[in-house]
Amino acid sequence: MLQVNNLTFKYKKQPILENISFSVGAGEHFSIIGESGSGKSTLLKLLYGTFDLNEGNIFWKDKEILGPKHNLIIGPDYMKYVAQEFDLMPFITVAENIGAFLSNFYPEEKQARIKELLTVVELQDFANTKVKELSGGQKQRVAIARAIAKQPEIILLDEPFSHIDNFKKQSLRRSLFKYLKEKNITCLVATHDKDDVLSFSDNMIVLHEAKIMDEGTPQHIFNNPKNELIASFFGEFNTLDTLGIVYAYQLKKVNTSNLKATVKQSYFKGNYFLIEADLNGKTVFFEHEFALENGLEIYIEPSS
Ligand code: ADP
Ligand code: MG
């Protein structure tokens with residue numbers, strides 16, 4: 001188990017993280033979300049032992065993770081960290097980069113392992129391409145493959161799919177997270193993408209103003225958004241006087257109700273339209289199966 005106890009950290013005067021405590025079980029998939037600048041990357045770097053803490057401590061099982069004051073080499077050997085800015089060796093091939101830290105003692109096993117890793121990140125066709133010729137997203141996938149090459153006990157992923165386009169993102173995400181679960185590799189992901197979290201995370205925390213604003217399972221946090229910041233992570237929402245926070249999908253058009261609104265705009269979303277409407281001077285959003293004419297008066301109510 002990874003155990004973070006009362007962690008406080010500052011780069012300068014202002015604490016970036018203050019009195020943070022949480023734990024992550026072995027094999028668990030754990031997400032760290034929060035706005036840009038909320039300290040997600042800093043937290044991952046601290047878990048990797050990149051900086052010394054101002055207060056608190058971090059343990060993996062019974063071993064304390066210590067910073068540079070206590071370690072010549074940063075990063076425990078059972079842990080891998082894929083930074084937002086991945087650093088690869090540009091002049092050698094994808095396969096060579098992935099195999100860089102694997103033993104040469106069993107060349108056949110090594111080649112088989114590289115092939116398996118190429119499959120996980122869906123780069124089979126690029127095995128012999130030099131890294132300098134890859135796109136940002138392809139480089140990010142090489143960095144991920146290299147991090148899992150030696151089967152760490154824990155992997156820290158900082159916005160792992162941020163450079164990867166939508167064509168590849170969905171299947172890559174499933175493939176990587178499935179692989180990590182199968183191998184029982186504990187995985188911590190800093191992300192601002194709800195799709196990295198909802199289907200995959202066992203637990204999550206929300207960072208805000210140096211503190212943990214909320215924590216729990218994605219289902220619980222999605223279904224009980226504590227405030228507008230948390231709701232906004234998951235999608236379009238409304239804050240209604242009578243009902244509190246209601247996601248757009250939870251409101252529907254009905255024949256009559258006590259919420260009368262005027263349509264302002266319809267947005268095509270693929271399998272539905274997002275309708276923007278005016279409700280007593282306030283903008284509300286709800287989903288509907290087809291576009292509605294601007295200016296149309298309608299009634300809405302929460303769907304049960
Ligand atoms: P996130 O990953 O959530 O976007 P970061 O952890 O990168 O957030 O940054 C958190 C805060 O720490 C930001 O205000 C950022 O400007 C600051 N920060 C990050 N790295 C450094 C650094 N090396 N020195 C000083 N301040 C930093
Ligand atoms: Mg970051």
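**Figure 1. Helix α1 and the shell around ligand 1.** In this predicted model, helix α1, spanning residues 40-47, gives the most to the shell around ligand 1, with three residues. The full set of residues around the ligand is Y11, I16, E35, S36, G37, S38, G39, K40, S41 and T42. Sorted by class, the shell holds six polar residues, alongside two nonpolar and two charged ones.

**Figure 2. Backbone atoms facing the oxygen atoms of ligand 1.** Let us look at the contacts themselves. A polar backbone atom of G37 sits 2.7 Å from an oxygen atom of ligand 1. For G39, a polar backbone atom is 3.0 Å from an oxygen atom of the ligand, and for S38 a backbone N or O atom lies 3.3 Å from a ligand oxygen. On its own, ligand 1 has 570 Å² of accessible area, and the protein covers 60% of this area.

**Figure 3. The largest pocket, with strand β6 and helix α4 in its lining.** Here we move on to the largest pocket, which contains about 310 Å³ of space. Its lining consists of 14 residues, of which Y48, K80, Y81, D87 and R146 are the closest to the centre. Two elements each give two or more residues to this lining: β6 (79-82) and α4 (136-148). If you count by class, you will find nine nonpolar and five charged residues in the lining, and no polar ones.

**Figure 4. The second largest pocket and its lining.** Next comes a pocket of about 230 Å³, the second largest. Follow the lining along the sequence and you meet K194, F222, F234, G235, E236 and Y247, among others. The list continues with A248, Y249, K269, Y272, L274 and E287. Seven of the lining residues are nonpolar, four are charged and one is polar.

**Figure 5. A cavity lined in part by helix α5.** Searching the whole structure turns up one cavity of 30 Å³ or more. The largest cavity holds about 30 Å³ of space. Around this space you can pick out G27, E28 and H29, together with F177, L180, K181, I185 and C187. Helix α5 (residues 166-182) gives the most to the cavity lining, with three residues. Four residues of the lining are nonpolar, two are polar and two are charged.

Key
Residues are numbered from 1 along each chain as its sequence is written. Chains are lettered from A and ligands numbered from 1 in the order in which they are written. This is a predicted model: local features need pLDDT of at least 70, side-chain atom pairs count only at pLDDT 80 or more; totals for chains, interfaces and linings use all residues. Side-chain values use heavy atoms; hydrogens and water are left out. A residue is near a molecule or strand if one of its heavy atoms lies within 4 Å of it. A polar contact is a pair of N or O atoms within 3.5 Å; within protein, one must be able to donate a hydrogen and the other to accept it, and residues adjacent in sequence count only if both atoms are side-chain atoms. Accessible areas come from the Shrake-Rupley method with a 1.4 Å probe; for residues, only the protein chains shown count as cover. Helices (H or I, at least four residues) and strands (E, at least two) are DSSP runs, numbered from the N terminus. Ala, Val, Leu, Ile, Met, Phe, Trp, Tyr, Cys and Pro count as nonpolar, Asp, Glu, Lys and Arg as charged, and the others, Gly among them, as polar. On a 1 Å grid over the protein atoms alone, a cavity is a set of points where a 1.4 Å probe fits but cannot get out, and a pocket is an open set with protein on both sides within 12 Å along at least five of seven lines; lining residues have an atom within 4 Å of a point. Grid points are joined across faces, edges and corners, and a volume is the space filled by probe spheres set on the points.
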